[in-house]
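Trainee: I'd love to take a close look at one part of this model with you. Could you walk me through it once it is on the screen?

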Amino acid sequence: MLLRGRVWKFGANVDTDAIIPARYLNTSEPQALARHCMEDLDPGFAQKVRPGDIIVAGANFGCGSSREHAPVAIKAAGIACVIASSFARIFFRNAINIGLPILICPEAAQAIAQGDEVEVDLVSGSIRDLTSGVSFQAQRYPEFMLRIIEAGGLVEKVRKDLSARGAIG
Amino acid sequence: MPMTLAEKILAAHCGRQEVAAGEFVEADVDLVLANDITAPLAIKEFRRIGVPAVFNRERIALVCDHFTPNKDIASAIQCQEVRRFAREQGIVHFYDVGRVGIEHALLPEQGLVLPGDLVVGADSHTCTYGALGAFATGMGSTDIAVAMATGKVWLLVPESALFRFEGQLRRWVTGKDLILHIIGDIGVDGALYQAMEFTGGTVAQLSMDSRFTMANMAIEAGAKAGLFAPDERTREYVVPRARRPYRLLESDPGARYVQVKEYRAEDIPLLVARPHLPSNVAPAQSLSEIPIDQVVIGSCTNGRLEDLRVAAQLLRGRKVHPYVRCIVIPATQAIYLQAVREGLVDIFVEAGAAVSTPTCGPCLGGHMGVLAPGERAVSTTNRNFVGRMGDRTSEVYLAGPAVAAASAVLGRIATPEELC
């Protein structure tokens, strides 16, 4: 699957309070969360972002809370994919589980600049910065995680497994 | 092959003799946790899975502790959803206002988490239970929905990292200072994906309350879990509470660690983590010029009896500075009641502090002490990210209860020595 979008660049340790401040967690409705995405780091981000845009960030993206509202807010804001040097582990699981594409690629995270036009192939993990003309290769997912991604998320995978065992109709 | 404590617990929960770091396993959980912020989303995903009932109604804890007593209609609706689900499913361990405590203080206190357990919770500070020698880790709502439905989770067996403390602690220094010292040393991703294990002669002398504080903040170094091997002190805590069997496990000699850090307790002063990362650590003494507006003493990190006793010792016969709001939040009803019985609450109220029913409220800028633009707090909580406790221009300085109480009196970041 090929994505193409404009880049929003962030630094290291973007925490879940920055992605979606806790004061808005009295709802889990995706569009309501999206309106406040990245608000404390970049006020107005949610208004500026266009569907299909891409976030590129440094190490430990999504550190802090377990709130699944964080990847939900990013996805609902229209972000097509997050590329980072590394991800905090709970955010990583949450993104995979809810179907927000994420890629680990320290080289791309460093080289790609704010506003660049980037093309991402989610299947091969190849990343092309169309503005600079430089290409990168993201880390491959382990086989186990690919099965969750291919199923379309964790709930879908579990439904498939349970159906196969006759546990649900 | 020698195994770490984390590997042993995970092996025991997937019916294997051995597991090794780097393997993916599917494991049976002993307890599944969610709160009033994360449960509504988990319930929604649970419905999508399509099973009629939870895997075991005695092995799920639903704790309405974050925005309670409800701060607004939206948060009241979230609690209503959790309450209805709990009643529909016959969830045994559902905690509502009047009985609720902050989840990570409450569940161990109630004997719901035991040594050797595998616990998953839709809250990042679930790692707190590692203080008991359990493998406990935070996950998102979808993972928790699957665990509620199936009693199982998938896990990548983590590498382990060892943190050894030897020597005598300085006066007033507690578990909070030790964990801040580690995070200051290795950084907020210094133990990313790893199981941190705390050990050494100093650790053996630490109270359970201090151990809970340390395990609680393992996530602040990016860790998946923070563990202590159970010892006599653990047994004393667990024996009167346990209502089911448990396993006292420890790492094998020769077990593999990806990093080993050794610290001397004598070298560690009272510490403060400055804005806006828990790794931004400095000696409290070096920050004495910084005026403050609010102090919070509480949370899943430092709302236990030991913390309240330290704070009371310093606030006894003194007054909170006229420019400071001091908010004290006992973490559970049992802690609250004991604080009343010991006269700690008298001391807080006479000093001019507000004492609240248990809630996570101010720690995450929810309610009960939200900061205005430019305001500065000293807080015994666990995170000082931008906007964590209120406006994005407000600041949070993380500290233990001794620095928090001394700062409340002097109206600036202070150490107990400045009072005594």
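Trainee: How many residue pairs are in polar contact between domain 1 of chain B and domain 2 of chain B?

Mentor: Happy to! Keep in mind that this is a predicted model. Between domain 1 and domain 2 of chain B, 22 residue pairs are in polar contact, counting pairs with both residues at pLDDT 80 or more. On the domain 1 side, α4 (103-109), α6 (175-186) and α8 (208-216) of chain B each bring at least two residues to the surface that touches domain 2 of chain B. Of the elements there, α8(B) gives the most, with five residues. Sorted by class, this side of domain 1 of chain B holds 14 nonpolar, 15 polar and eight charged residues.

As for charge pairing, the count between the two domains of chain B is one salt bridge. You can also find the side chains of B:Glu220 and B:Arg383 meeting in a salt bridge, at 2.6 Å from N to O.

Now step back to the layout. Chain B is split into domain 1, covering 5-263, and domain 2, covering 272-415. Their contact draws 37 residues from domain 1 of chain B and 38 residues from domain 2 of chain B. The C-alpha centres of these two domains of chain B are 24 Å apart. Together the domains of chain B bury about 3000 Å², and carbon and sulfur atoms give 62% of that area. Three residues are worth picking out here: B:Ile102, B:Trp172 and B:Lys176 supply 22% of what domain 1 of chain B buries against domain 2 of chain B, more than any other three residues.

Key:
Residues are numbered from 1 along each chain as its sequence is written. Chains are lettered from A and ligands numbered from 1 in the order in which they are written. This is a predicted model: local features need pLDDT of at least 70, side-chain atom pairs count only at pLDDT 80 or more; totals for chains, interfaces and linings use all residues. Side-chain values use heavy atoms; hydrogens and water are left out. Domain bounds come from an automatic or database domain assignment. Contact means heavy atoms within 4.5 Å. Buried area is the accessible area (1.4 Å probe) that two parts lose on being put together, summed over both. A salt bridge is a side-chain nitrogen of Lys or Arg within 4 Å of a carboxyl oxygen of Asp or Glu. A polar contact is a pair of N or O atoms within 3.5 Å; within protein, one must be able to donate a hydrogen and the other to accept it, and residues adjacent in sequence count only if both atoms are side-chain atoms. Helices (H or I, at least four residues) and strands (E, at least two) are DSSP runs, numbered from the N terminus. Ala, Val, Leu, Ile, Met, Phe, Trp, Tyr, Cys and Pro count as nonpolar, Asp, Glu, Lys and Arg as charged, and the others, Gly among them, as polar.
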